[in-house]
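Here are my notes, as promised, for you to read with the viewer open. Shout if anything looks off on your side.

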Amino acid sequence: MTLLAFLFLLTLVPAGSARSRHPPKAASDPVFGPREVHGVRGGSVTVKCFYPPTPMNKHDRKYWCRQKGSSCLTVVSSDFVAASYRDRVTLTDHPQEEHFQINISELELGDAGTFQCGVGINGRGLSFRVTLSVAEAPPVPEDAELFYVKLRSTWTVTCSFGEDTAEMRKYLCKKEKDGCRNIINSYQDKDVPGGLQLTFENPPGSFRVTMTQMDWEDAGLYYCGAGEFEKDNTKKELDVFIYEDKNFPHLKTNITATIGGSASFECLYDPLLNSSSRFWCKQRDKQCGNTIIDNAGHVEDSYDGRVAMFENPKNKTVTIILNQLKEKDKGTYWCMSNELREQQSATELTVVPGEPALTGKKVVEAQAGSRVNLTCCYPCKYYSYEKYWCRWSKTGCAMLPVQQQGLPQPGDACDPNARTVVLSLDPVAGEDEGWYWCGVKRNGVFGETMAVELRVSAGRDAKLSPEFLDVDSSHDPGAVPPGGAHSDAEVRKGVAPESSDESHGPNTLALVLGPLAGLILIVGTVFAIVKYRQLKRSDLVSVGSYRTNISMSDFESVRDFSASNSVKESQETPMGGD
């Protein structure tokens, strides 16, 4: 029963996924050459055979032998030429280009037959079977163009059919039992899969197709052409072989990120080819749109402060970081190279609602000459990661010096009160204005980033915002004073930031109580002087049957006040009356 259940589950596995997991039988024999070679009597043919670029293969024996029953008789090898082929057959090895070539001249009808090209010893498995046919006279069929493609790498093919076909439909299809399945064509406006491009080239009538992330099932016969496959004869046969290179990295093909957050894209490049240009673009329809960023320092204006390129020669990669993500950023992005076609790659970005992992004030305004602190709060999952601040420019993001405090030790738990990275500029100057990035890295791999725009105003009359007085002005959860014992990291320019507890409390109390105490002192002094003068000028006056002290100056001041307000005075009556 267990065996039956297992077999039943196997039948449910999709065929496509099974092919992608396991290489076909041909992949276990990684030498590859043409299936058929056509020549004409008296002419010549060239056979190209590919092999994996391992150190052993590069120095091992290469051979071309003729099949005779169960054995294969050597025609030519790295150090041997059969007598019947002497002076008309050569074998040339190109280890840097991962192939060797056999050239046969002065063809005879008897040269036709089944051959093998291989590496090592005849009959040991590292070989590929080739059929050679020799015609009495031309024309002869055109041989298929060969492509030896690494698993998960990129295949690029260029096809040209003359200026007469410039206005015709261009296509690439894969040969199958029931016809030729469309891969991509120039009339295809919608539903172009990510990782596929068709671009027109010069001269007119030429075009290029690029496919990324080649898998085992992508091996086989293809046709590129102009017009319709069944009707027009303007087509070319392409033979694609897939082999595995253990050292070839496996790059991500799909990335999901949150709105307002960031995404990191990895691209391949060979650091030995320093002259090669590398650029990054977003796919629109069947091809890439405008270049977003390249390694020469170009950044599209709408992406200022949002995108940066970091080269890592150690693992032969380029990292592209895109932050401040918006919903419209979703799509397929391409890493392109003008020299190494196989190192081109495509990654699909999906942007979903959510909260970014790194938080902080995104726009900070400062007055020149003051101190400003840029804060970046991170969650506990990044506690053991390396944190950094960098200054963004079109040529990259220059890392700023960091003084780490309280570095986490193995086994340490995340302290919720110690999750803030601070960049302190003291004093801030006009040239400091621009974009600053806070980010995390792990084992040299770039992760989440957050961008902060710093605006610097000139003059002493600019009103200071609270964030220039202490680090805690962002009011982000988890933020702590940068001078406190729990501050994780701090970048300083000039004076180190002070504790907000020390500066916030006493300074605020002094600002409030100081003017109030001065006002009370002045009012009390004036009142005492006035009362003293009143006592000096007071007389004893009889008012009815009461006796009291009333200063004459009081009456004078009342009279003066009435006169100043244009009030008509009544006739004075002597005190006591008649």
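The points below go from the whole chain to the disulfides, one sheet and one threonine.

1. First, a reminder that this is a predicted model. The protein chain has five helices and 36 strands. Of its 578 residues, 41% count as buried. As for surface, the accessible area of the protein chain is about 32400 Å², with 54% of that belonging to carbon and sulfur atoms.

2. How are the contacts spread along the sequence? Taking the contacts in the protein chain with a separation of 6 or more, 66% are between residues 24 or more positions apart.

3. On to the cysteines. A disulfide is a covalent bond between the sulfur atoms of two cysteines. Searching the whole structure turns up eight disulfides; I'll go through three of these pairs.

4. Cys49 and Cys117 make up one such pair, with 1.9 Å between their sulfur atoms. The link is left-handed, at -100 degrees about the S-S bond. It connects distant parts of the chain: Cys49 belongs to strand 2 (residues 45-50) and Cys117 to strand 8 (residues 113-119), 68 residues apart. Both Cys49 and Cys117 are buried.

5. Cys65 and Cys72 are joined by another disulfide, S to S 1.8 Å. Here the link is right-handed, with 95 degrees about the S-S bond. Why do both ends count as buried? Cys65 has a relative accessible area of 0% and Cys72 one of 14%, and the cut-off for buried is under 20%.

6. Then look at Cys159 and Cys224, a disulfide with an S to S distance of 1.9 Å. The Cys159 to Cys224 link is left-handed, at -100 degrees about the S-S bond. Because Cys159 sits in strand 11 (residues 155-160) and Cys224 in strand 16 (residues 220-226), the pair ties together parts that are 65 residues apart in sequence. Cys159 and Cys224 are both buried.

7. What about Cys377? Cys377 is in no disulfide, and the nearest cysteine sulfur, that of Cys376, is 6.9 Å away. That is beyond the 2.5 Å within which two cysteine sulfur atoms count as a disulfide. Cys377 is at 3% relative accessibility and so counts as buried.

8. Now a sheet worth pulling up: an open one of five strands, in the order 18-25-24-20-21, with mixed pairing. Which strands stand at the edges? Strand 18 (254-258) and strand 21 (287-294) do; each has a single partner strand, so one side of each has no neighbour in the sheet. On average, neighbouring strands of this sheet are turned by 30 degrees against each other, direction ignored.

9. Within that sheet, take strand 20 (residues 278-284) and strand 24 (residues 331-337). They run antiparallel and are joined by five bridges. One to click on is Arg278, whose bridge partner in strand 24 is Ser337. As general background, strands of a sheet pair through backbone hydrogen bonds, either parallel or antiparallel.

10. Last, Thr210, which lies in strand 15 (residues 206-211). Is Thr210 buried or exposed? With a relative accessible area of 1%, Thr210 is buried. Leaving out residues up to four places away in sequence, Thr210 touches Thr154, Trp155 and Thr156, then Gly195, Leu196 and Gln197, plus Trp334 and Gln344.

Note on methods
Residues are numbered from 1 along each chain as its sequence is written. This is a predicted model: local features need pLDDT of at least 70, side-chain atom pairs count only at pLDDT 80 or more; totals for chains, interfaces and linings use all residues. Side-chain values use heavy atoms; hydrogens and water are left out. Helices (H or I, at least four residues) and strands (E, at least two) are DSSP runs, numbered from the N terminus. Buried means under 20% relative accessible area, exposed over 50%, partly exposed in between (1.4 Å probe, protein chains only). Contact means heavy atoms within 4.5 Å. Accessible areas come from the Shrake-Rupley method with a 1.4 Å probe; for residues, only the protein chains shown count as cover. Two strands pair if DSSP finds at least two bridges between them. Axes are lines fitted to C-alpha atoms, for helices over the stretch in contact, and angles run from 0 to 180 degrees between N-to-C directions.
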